[in-house]
Amino acid sequence: MDFVQSFRLTAPEVLFSLSGLVLLLGAAWSRSDAGARVITWLAVVVLSVAAVLTAPALLSGAKGPETLAFSGLFAATAFAAFAKLLIFAAAGASLVVAPAFFQRVGAYRPEYPVLVLFAVLGMCLMVSATNLLTLYIGLELNSLAAYVLAAFLRNDDRSAEAGLKYFVLGSLASGILLFGTSLTYGFAGTIDFAGIAAALNGKISTGAIFGLVFVFAGLAFKISAVPFHMWTPDVYEGAPTPVTTFFASAPKVAALALTVIVAMTAFGNQVAAWQPIVIFAALASIVVGALGAIGQTNLKRLLAYSSINNVGFLLIGLATATPKGVAAMLVYLAVYVAMTIGGFVALLMFKDADGEPVEDLSDIAGLSRHRKVLAACFAMVMFSLAGIPPLFGFWGKFVVFQAAVEAGMVPLAAIGIAASVIGAFYYLKVVKVMYFDEPAMKATGQSDWMHQALLAICALAISPAGYLLTKCLAGLSLSAATSLIAP
């Protein structure tokens with residue numbers, strides 16, 4: 001084993017490990033708000049350096065044996081690089097919006113950016129996993145940090161409740177996943193994804209099918225897919241909003257990428273066994289996410305159901321089991337990250353005159369009368385999430401449905417398009433409240449400049465100007481998909 005080559009391939013992960021430990025020591029010695037801000041910006045710098053180290057693998061379309069590190073336990077492919085860059089961007093956004101939120105209640109501590117870095121380290125292991133052991137270690141490293149982040153506001157009952165619910169249900173999902181991996185190992189005789197694919201080639205045994213089902217059930221919890229979505233609205237509502245921003249973006253990317261890796265590599269020879277599961281989860285998530293959001297008045301819960309709804313559209317790409325389907329899924333994932341961050345940053349900017357968060361739908365009634373730019377940006381996010389042209393969210397849905405049609409899954413695409421109309425109702429309802437209802441004059445607080453800048457970037461990305469990126473995104477996503485799956 002070439003340790004120099006292995007450490008070169010795992011340079012971002014090594015960077016996160018060492019910098020996380022160093023910043024943790026800094027956090028122990030620096031308890032002031034100024035110290036916490038310095039550590040936050042240092043964490044952002046670490047994420048930026050990691051992105052620079054990761055980008056060449058994506059640009060070169062890295063694949064094959066030369067991407068394997070530590071005797072094949074880790075793969076630095078173009079697919080992993082694509083997912084990591086989205087994770088880094090989402091984590092960086094979650095870090096820069098956090099200080100203003102937590103310092104309002106005097107609860108910002110330097111442990112927050114350190115926990116985010118360790119969660120990102122776990123996600124990097126997840127998207128580079130080549131066997132069940134790496135998969136589980138990465139998943140647990142991410143989850144342990146996430147449980148603490150959900151309960152970060154120790155004096156807030158809602159945050160404590162969110163952390164407890166996430167821990168209990170997350171532990172249950174981890175147990176289900178671990179049981180599935182043990183069954184898979186028992187019937188395949190190996191934990192390597194390539195070995196599992198070879199062992200399960202041809203007729204699959206009943207025991208291996210049970211292992212496959214349990215593995216997908218555990219992963220469905222991590223991506224908030226129906227019927228394992230029940231934790232999402234409660235945790236999103238109770239967790240601090242910067243943490244919810246993080247949960248809705250970075251871990252979602254990692255979990256979806258991991259699901260693709262497991263489906264297309266470990267169980268790539270058994271598409272007929274897992275495809276019905278993914279199709280059901282996709283359609284059920286679209287419908288349940290749309291119907292569940294209709295009656296919501298809390299904006300964080302509404303965006304939680306929106307997240308469930310979007311996972312359904314993303315899974316349509318996986319259901320095709322083709323490189324083009326996976327590439328379309330990656331394009332949609334990139335657009336989804338921009339829409340999600342934009343939505344939650346706008347939510348962070350909804351504050352009353354005293355700086356208290358405004359989270360109820362009725363509180364932003366008539367927002368367009370006194371916060372025109374903020375209302376316009378949030379309306380763009382809503383229209384884009386609904387997939388209404390010419391905003392960029394339409395393109396994400398279009399490429400996924402196009403991949404389904406090309407794969408001969410016309411009924412799936414047709415049902416998905418019809419179900420997306422249901423979701424448009426509650427997105428348009430939010431816009432209607434902001435523009436046509438009588439002003440509530442509650443969201444009158446001024447916003448931090450960082451929030452304004454980040455919202456402007458996200459709004460630009462999902463605007464019609466985003467179509468300038470379509471050729472670049474299509475090329476990079478197809479390169480990433482083919483690095484995972486032979487065309």
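Helices here are DSSP runs of H or I with at least four residues, numbered from the N terminus. With that in hand, we can place Ile191 in the loop between helix H8 (157-188) and helix H9 (193-199). Keep in mind as you look around that this is a predicted model. The points below take you from the annotated domain to the aromatic rings, the surface, some backbone details and two pairs of residues.

**The annotated domain**
- An unreviewed UniProt entry lists residues 129-423 as "domain: NADH:quinone oxidoreductase/Mrp antiporter transmembrane".
- Across residues 129-423, the chain is 77% helix and 0% strand.
- The C-alpha atoms at the two ends of this stretch are 34 Å apart.

**Aromatic rings**
- A pair of aromatic rings is described by two things, the distance of the centres and the angle of the planes.
- How many aromatic pairs does a search of the whole structure find? The search finds 28.
- Take Phe246 and Phe247: their ring centres are 6.4 Å apart and their planes meet at 45°, so this pair is tilted. The label follows because planes under 30 degrees apart count as stacked and those over 60 as edge-to-face, with the rest called tilted.
- Phe246 and Phe247 are both buried.
- Ring pairs also build a cluster, linking Tyr147, Tyr166, Phe167, Phe221, Trp231, Tyr236, Phe246, Phe247 and Phe344.

**Charges over rings**
- Arg109 lies over the face of Phe152, 4.5 Å from the ring centre.
- In another such arrangement, Phe313 has Lys397 over its face, at 4.6 Å from the ring centre.

**A nonpolar patch on the surface**
- Which residues make the nonpolar surface patch of about 370 Å²? They are Leu133, Ile137, Tyr185 and Ile191.
- Ile191, the loop residue from the opening, has a relative accessible area of 30% and is therefore partly exposed.

**Backbone details to look for**
- Most peptide bonds are trans, and most residues other than glycine have a negative phi, so departures from these habits are worth finding.
- Val226 and Pro227 are joined by a cis peptide bond, with omega of about 10°. Pro227 sits in the loop between helix H10 (206-222) and helix H11 (232-238).
- Ser224 is also in the loop between H10 and H11. Its phi is positive, at about 65°, although Ser224 is not a glycine.
- Is Ser224 buried or exposed? With a relative accessible area of 0%, Ser224 is buried.
- A cis bond also runs from Pro389 to Pro390, with omega near 10°. You can find Pro390 in the loop between helix H18 (372-386) and helix H19 (392-406).
- Ala321 is another non-glycine residue with a positive phi, near 60°. Look for Ala321 in the loop between helix H15 (299-319) and H16.

**Sequence distance and distance in space**
- Met450 belongs to helix H21 (residues 449-462), and it counts as buried because its relative accessibility is 12%.
- Met450 and Ala93 are 357 residues apart in sequence, yet their C-alpha atoms are 9.7 Å apart in space.
- Ala338 is part of helix H16 (residues 323-349), and its relative accessible area of 16% makes it buried.
- Ala338 and Gly186 are 152 residues apart along the chain, and 41 Å separates their C-alpha atoms.

Definitions and conventions
Residues numbered from 1 in each chain as written. Predicted model: local features only at pLDDT ≥ 70, side-chain atom pairs only at ≥ 80, totals over all residues. Heavy atoms only, no water. Patch = residues over 30% accessible without salt bridge, like charges linked within 9 Å, V, L, I, M, F, W, Y side chains within 5 Å. Areas by Shrake-Rupley, 256 points an atom, 1.4 Å probe, with all protein chains shown as cover. Salt bridge = Lys/Arg side-chain N within 4 Å of Asp/Glu carboxyl O. Buried < 20%, exposed > 50% of the residue type's maximum accessible area, 1.4 Å probe, protein only. Phe/Tyr/Trp six-rings, centres within 6.5 Å; stacked < 30°, edge-to-face > 60°. Lys NZ or Arg CZ within 6 Å of the ring centre and 35° of its normal. UniProt positions renumbered as here; feature names shortened; annotations may be inferred.
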